[in-house]
Structure formats: C-alpha cells, structure tokens
Amino acid sequence: MKEKLTERIAASALLEDNVKMSVGCGKKYRSLAELAQAVGITAPSLTHALKGNPSIYTVQKIADALGVSVASLFKEKNAVEGYAIIKGNKKVAFTCVEELEKVLVDAKKKDSPVIFSI
C-alpha cells in the first residue's frame, strides 16, 4: 500500500514538473492560467489537478492543449536551468533547453563571448 502511494506521489510530481516546464518554456502558453483556460478549467482547478489525483480526462486535455502525449507528461526530463552572461554584461536567464538554444543562436549571430552558470 505504501509503495503504491509513493508511486502516485512521484507520478503527480512528474506531471506537475513537466506541465510547469512546458508552460515555463512558453511554447504555447506563458502561464498556468492560460493553459487552464485552454483546457476549459479554472487556474485553481488546474493547480489542484497537478498536485492531486487528476482524472485521466483532465490529463488528456492538458496533454492535448500542450500538444504532447499523456505518457510524456509522466516521463522524467533533463531540465536545464541557469543564466548566461553575454559580452560581459548582459545577463540572460534560461529555464529549458529551447531557451538555452536561443541564447546560443543569438550569441553566435552577435559573435559574442558567453559565460554560463548552470
């Protein structure tokens, strides 16, 4: 019984982290409130679903809104987070691989030295 509870807590944490990471990277939505609106629920209901025991229907709607599979919402992802200092003074934060790639592309365009802190 304890093992199943631990698995459920781990799955819930993965779901919450992956949804927040997807929203944080701003691919489609810039906030959980925007995602909740797309899913057709209130922001507090989305937060409750991410922290609790959401129905498969709600998880499917979240996955559809994000354009990902339900399975991907429960897979561990390698998160990248940190900041880069470009040309010694411009500090740029990144919270996902996509943002990091954008920092690198921008730095290459400007032929700027980049210092990273992860």
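**Entry 1: Ser72**

I began with Ser72, which is in contact with Asn18 and Lys77 once its neighbours within four places in sequence are left aside. I should say at once that I am reading a predicted model. Where does Ser72 sit? I found Ser72 in the loop between α4 and β1 (82-86). Next I asked myself whether Ser72 is buried or exposed. Its relative accessibility is 17%, and buried means under 20%, so Ser72 counts as buried.

**Entry 2: the whole chain**

I then stepped back to look at the protein chain. I noted five helices and three strands. Starting from the N terminus, I read the order of the elements as α-α-α-α-β-β-α-β. How much of the protein chain is buried? I wrote down 28% of its 118 residues. I also looked up the contacts with a separation of 6 or more, and residues 24 or more positions apart account for 50% of them.

**Entry 3: helix α2 on its own**

I turned to helix α2, which covers residues 32-39. Which of its residues are buried? I listed Leu35, Ala36 and Val39. These residues cover an arc of only 100° around the axis, so they lie on the same side of α2. Following α2 I came to Gly40, and its phi is positive, near 95°.

**Entry 4: α2 with α3**

Two packed helices are described by the angle between their axes and the distance between the axes, and I looked up both. For α2 and helix α3 (residues 43-51), I noted an angle of about 95° and axes 8 Å apart. I therefore put α2 and α3 down as roughly perpendicular to each other. From α2, the contact takes in Leu32, Ala33, Leu35 and Ala36, and from α3 it takes in Ala43, Leu46 and Leu50. I sorted the residues of this contact by class and got seven nonpolar, no polar and no charged.

**Entry 5: α2 with α4**

My next pair was α2 and helix α4, the latter made of residues 56-66. At what angle do their axes cross? I have roughly 110°, and the axes come within 9 Å. I therefore marked α2 and α4, too, as roughly perpendicular to each other. The crossing in which α2 passes α4 is right-handed. On the α2 side I found Leu35, Ala38 and Val39, and they meet Lys61, Ile62, Ala65 and Leu66 of α4. By class, I counted six nonpolar, no polar and one charged residues in this contact. Leu35 caught my eye, as it takes part in the contact with α3 and in the contact with α4.

**Entry 6: the two sides of α4**

I stayed with α4 and looked up its buried residues, which are Thr58, Val59, Ile62, Ala63, Ala65 and Leu66. Why do I place them on the same side of α4? They cover an arc of only 165° around the axis. On the other side of α4, I found Ile56 and Tyr57 exposed. Going back to my contact list, I saw that Ile62, Ala65 and Leu66 are buried and also meet α2. Just after α4 I reached Gly67, with a positive phi of about 75°.

**Entry 7: Asp106**

My last stop was Asp106, in helix α5 (residues 97-110). With a relative accessible area of 24%, Asp106 is partly exposed. I also checked its separation from Ile86: the two are 20 residues apart in sequence, and 9.6 Å apart in space from C-alpha to C-alpha.

Technical notes
Residues are numbered from 1 along each chain as its sequence is written. This is a predicted model: local features need pLDDT of at least 70, side-chain atom pairs count only at pLDDT 80 or more; totals for chains, interfaces and linings use all residues. Side-chain values use heavy atoms; hydrogens and water are left out. Axes are lines fitted to C-alpha atoms, for helices over the stretch in contact, and angles run from 0 to 180 degrees between N-to-C directions. Helices (H or I, at least four residues) and strands (E, at least two) are DSSP runs, numbered from the N terminus. Angles under 35 degrees count as roughly parallel, over 145 as roughly antiparallel, 65 to 115 as roughly perpendicular and the rest as oblique. A crossing is left-handed if the near helix is turned anticlockwise from the far one by less than a right angle, and right-handed if clockwise. Contact means heavy atoms within 4.5 Å. Ala, Val, Leu, Ile, Met, Phe, Trp, Tyr, Cys and Pro count as nonpolar, Asp, Glu, Lys and Arg as charged, and the others, Gly among them, as polar. Buried means under 20% relative accessible area, exposed over 50%, partly exposed in between (1.4 Å probe, protein chains only). The arc is that of the directions from the helix axis to the C-beta atoms.
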